[in-house]
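Ready for a few exercises? Have a go at each task yourself, then check the worked solution below it.

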Amino acid sequence: MRVALATAVRTLPRGAGLAYEPKFDGHRLVIARSASDVTLQARSGRIVTSAFPDLAAAALRLPAGTVLDGEVVVWHAGRTDFALVQRRAAATAARAAVLAQSLPASYAAFDVLELAGLDVRARPYERRRALLVDLLLPLGPPLQPVPMTTDPELAATWYETLPASGIEGLVVKRLDQAYPAGRRGWQKLRHTDVRDAAVVGYTGTPRRPLALVLVLPVGDETPLVSSPLTAALRREVAEAAAARGAAEPPATESAAGAADGAAAEPATATVTAIGLGEVPYRALDPPLTAEVRHTSARHPPPEVLRLRTDL
């Protein structure tokens, strides 16, 4: 099931015929209820049912032939916690059952794609929203429709006040719009200049990545070197790179690794880093995706906030 995507905007869209939803900070998840079981699909198409047995059990209450689009979140201390969602998503089947008890997941549904076996994606969002609410309100948590308003002033209030709950921003949709499967037909307004970037490589060693080599989605597509990674991100990048594989490099010394005091490591290419000149790096194919904070200028370098392993 190809999911709808959103284009980032810098100001709140206003006008007639628009709907506003809070943007939850979690993992994109499609729930498909067949006549006999439930399948949970990540945005990438990967099946992740075993990682969220609590949601799979709750989804058995849905009518057969139902497909929902939404976000899986984990609440902690009164706010959504993305790190805990990552922990749930990465769990083995045996561990997932334990985490489902200690870190229960919630599902913030924002669209219905099929109902009673009928594909409703061509219907306008306003109608799909009504079907979604009628479907989920009688069931209650952990399957819930996201809040929605057509009032831009209320949406602006949400934008200013909900970050304390872990809400990233707003998603804006047209009321008359069909579900834009596989297209960036929605708009998203985030609280910071956070964006997704392609991770085409990393500096340092496979065991100790130091920084990421990024290509931002806008601009001249010139690779940039991020600011130094935190210890937690270094571990994530090392694990993700090992799983995805790095291209075999020629025998050249890694200036980044040497500068860090690590053993010299080969690199596949070089990239120009501000203040460092040409820096060798190891390429990743296919690239990873990371959320980064970056201004319109090339100073300072992008700050990596987290890897997007839910893609």
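**Exercise 1: the start of a helix**

Find what a side-chain oxygen of D151 reaches at the start of α5.

Solution. Go to the start of α5 and pick out D151. One of its side-chain oxygens comes to within 2.9 Å of the backbone nitrogen of E153. Keep in mind that you're looking at a predicted model.

**Exercise 2: one side of α5**

Work out which residues of helix α5 are buried, and how they sit around its axis.

Solution. Start with the helix itself, residues 152–161: its buried residues are A155, W158 and Y159. Next, look down the axis: these residues cover an arc of only 100°, so they sit on the same side of α5. A general rule helps here: an α-helix has 3.6 residues a turn, so residues three or four places apart point the same way. Finally, check what lies over them: the cover includes β2 (18–23), β10 (169–174) and β11 (184–190).

**Exercise 3: follow the rings**

Trace the cluster that ring pairs make out of F110, Y179 and W186.

Solution. A search of the whole structure turns up three aromatic pairs. Take F110 and W186: they meet edge-to-face, 5.9 Å centre to centre, with 85° between the planes. F110 belongs to strand β7 and W186 to strand β11, so this pair ties together parts that are 76 residues apart in sequence. Are these two buried or exposed? The cut-off for buried is under 20% relative accessible area. F110 has 12%, so it counts as buried. W186 has 5%, so it is buried too. Now add Y179, which pairs edge-to-face with W186 at 5.8 Å centre to centre and 80° between the planes. Y179 is buried as well. Put the pairs together and you have the cluster of F110, Y179 and W186.

**Exercise 4: into the core**

Describe the largest nonpolar core, then look at the surroundings of L55.

Solution. This core has 33 residues, and those with the most contacts inside it are I31, L40, F52, L55 and L68. Among the elements giving two or more residues to it are β3 (27–33), β4 (38–42), α1 (53–59) and α4. Zoom in on L55: leaving out residues up to four places away in sequence, its contacts include L29, L40, V72 and Y107. There's also a second, separate core of 18 residues, which includes A197, L224, L229 and V292.

**Exercise 5: how confident is the model?**

Find where confidence is lowest and where it is highest.

Solution. Begin with the whole protein chain: the mean pLDDT is 85, and 85% of residues reach 70 or more. The lowest confidence falls in helix α7 (residues 255–259), at a mean of 38, while α4 is highest at 98.

Conventions. Residues numbered from 1 in each chain as written. Heavy atoms only, no water. pLDDT = per-residue confidence, 0-100. Helix = DSSP H or I, 4+ residues; strand = E, 2+ residues; numbered from the N terminus. Core = buried A, V, L, I, M, F, W, Y, C linked by side-chain atoms within 4.5 Å. Buried < 20%, exposed > 50% of the residue type's maximum accessible area, 1.4 Å probe, protein only. Contact = heavy atoms within 4.5 Å. Arc of directions from axis to C-beta. Polar contact = N/O pair within 3.5 Å; in protein donor to acceptor, adjacent residues only side chain to side chain. Phe/Tyr/Trp six-rings, centres within 6.5 Å; stacked < 30°, edge-to-face > 60°.
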